[in-house]
Amino acid sequence: MKTGIGYDVHQLVPGRKLILGGVEIPHEVGLLGHSDADVLTHAIMDALLGAAGLGDIGRHFPDTDPAYRGISSLKLLEHVMVLIREKGYTVGNVDAVIAAQRPKLLPFMAQMKSALGPILGLKDEDLNLKATTTERLGFEGREEGISVTAVCLLEKSRERAL
């Protein structure tokens, strides 16, 4: 078994959609980034890549490459999962916490899990998503950005272990 930790931050700006876990969240501002800036999916990808010893998302999907401009982070996650499987792993579980003062994210958690779970190969109970405010402290509390911390467990796939 291998564990990984992922952390990502994106700035909130006008004129962008707010995408979290592959779900568009109605909000007056969105996250700035080269891709769709899905900070949740990015943190999960970094946790997976780290656990597998494969670096980070910047190594695999550089923001200098025009091929990734505006791309859905779910597409990037699909590619990461190919790499994970090639290394002989399956995902045991993912746990992530989103730090955002607004908007309230609880109404969208089930949609996020439905978007991410099948790509990760996880049952609902093995993909845990949480949201918290920072009690108006820090850049998240001032609504300047959103951060996510994610952890994952990779297990050698049974097919490879036999």
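**Exercise 1. Is Glu-28 buried or exposed, going by its relative accessible area?**

*Worked solution.* A word before starting: this is a predicted model.

Step 1. Take the value for Glu-28, a relative accessible area of 51%. The cut-off for exposed is over 50%, and Glu-28 is therefore exposed.

Step 2. Look for its partner. The side chain of Glu-28 meets that of Arg-102 in a salt bridge, with 2.2 Å from N to O.

Step 3. Place the two ends. Arg-102 sits in the loop between S5 and H4, while Glu-28 sits in the loop between S3 and strand S4 (30-31), so this pair links distant parts of the chain, 74 residues apart.

Step 4. Check the other end. Arg-102 has 32% relative accessibility and so counts as partly exposed.

**Exercise 2. Find which residues are linked with Glu-28 in a network of salt bridges.**

*Worked solution.*

Step 1. Begin with the total: a search of the whole structure finds 7 salt bridges.

Step 2. One of them joins the side chains of Arg-136 and Glu-143, at 3.4 Å from N to O. Glu-143 counts as partly exposed, at 24% relative accessibility.

Step 3. Put the pieces together. The network links Glu-28, Arg-102, Arg-136 and Glu-143.

Step 4. Inspect the backbone at the two arginines. The peptide bond from Arg-102 to Pro-103 is cis, with omega near -5°, and Pro-103 lies in the loop between S5 and H4. Arg-136 is not a glycine, yet its phi is positive, near 65°; Arg-136 belongs to the loop between S6 and helix H5 (138-141).

**Exercise 3. Describe the surroundings of Lys-113 and find its salt-bridge partner.**

*Worked solution.*

Step 1. Locate Lys-113: it is part of helix H4 (residues 109-120).

Step 2. Judge its accessibility. The value is 18%; buried means under 20%, so Lys-113 counts as buried.

Step 3. List its contacts. Leaving out residues up to four places away in sequence, Lys-113 touches Pro-118, Asp-124, Leu-127 and Leu-129.

Step 4. Pick out the charged partner. The side chains of Lys-113 and Asp-124 form a salt bridge, 3.5 Å from N to O. Asp-124 is in the loop between H4 and S6, so the pair ties together parts 11 residues apart in sequence.

**Exercise 4. Work out how the rings of Phe-61 and Tyr-68 are arranged.**

*Worked solution.*

Step 1. Find Phe-61 in the loop between helix H2 (57-60) and helix H3 (73-86). Its relative accessibility is 11%, so Phe-61 counts as buried.

Step 2. Collect its contacts beyond four places in sequence: Met-45, Tyr-68, Leu-76, His-79 and Val-80.

Step 3. Recall what describes such a pair: the distance of the ring centres and the angle of the planes.

Step 4. Apply this. The count for the structure comes to 1 aromatic pair. The ring centres of Phe-61 and Tyr-68 are 5.3 Å apart and the planes stand at 80°; angles over 60 count as edge-to-face, so that is the label here. Both residues are buried.

Step 5. Compare with another ring. Lys-156 lies over the face of Tyr-89, at 4.4 Å from the ring centre.

**Exercise 5. Check the length of helix H1 and say how it takes part in the largest nonpolar core.**

*Worked solution.*

Step 1. Compute the expected span. H1 (residues 39-51) has 13 residues, which at 1.5 Å a residue should span 18 Å; the end C-alpha atoms are 18 Å apart, in agreement.

Step 2. Count burial. Of the 13 residues, 12 are buried, so H1 is largely enclosed by the rest of the structure. Among them are Val-39, His-42, Asp-46 and Ala-51.

Step 3. Turn to the core. It has 50 residues, and Leu-40, Leu-48, Met-112 and Leu-120 touch the most other members. H1 gives the most to this core, with 9 residues.

Step 4. Follow one member. Beyond four places in sequence, the contacts of Leu-40 include Leu-20, Ala-96, Met-112 and Val-148.

Step 5. Look at the flanks. Ala-37, in the loop between S4 and H1, has a positive phi of about 65° although it is not a glycine, and at 0% relative accessible area it is buried. H1 is followed by Gly-53, whose phi is also positive, near 70°.

How values were computed. Residues are numbered from 1 along each chain as its sequence is written. Side-chain values use heavy atoms; hydrogens and water are left out. Helices (H or I, at least four residues) and strands (E, at least two) are DSSP runs, numbered from the N terminus. Buried means under 20% relative accessible area, exposed over 50%, partly exposed in between (1.4 Å probe, protein chains only). Contact means heavy atoms within 4.5 Å. The expected span of a helix is 1.5 Å times one less than its number of residues. Rings of Phe, Tyr and Trp (its six-membered ring) pair if their centres lie within 6.5 Å; planes under 30 degrees apart count as stacked, over 60 as edge-to-face and the rest as tilted. A charge sits over a ring if NZ of Lys or CZ of Arg is within 6 Å of the ring centre and within 35 degrees of the ring normal. A nonpolar core is a set of buried Ala, Val, Leu, Ile, Met, Phe, Trp, Tyr and Cys residues joined through side-chain atoms within 4.5 Å. A salt bridge is a side-chain nitrogen of Lys or Arg within 4 Å of a carboxyl oxygen of Asp or Glu.
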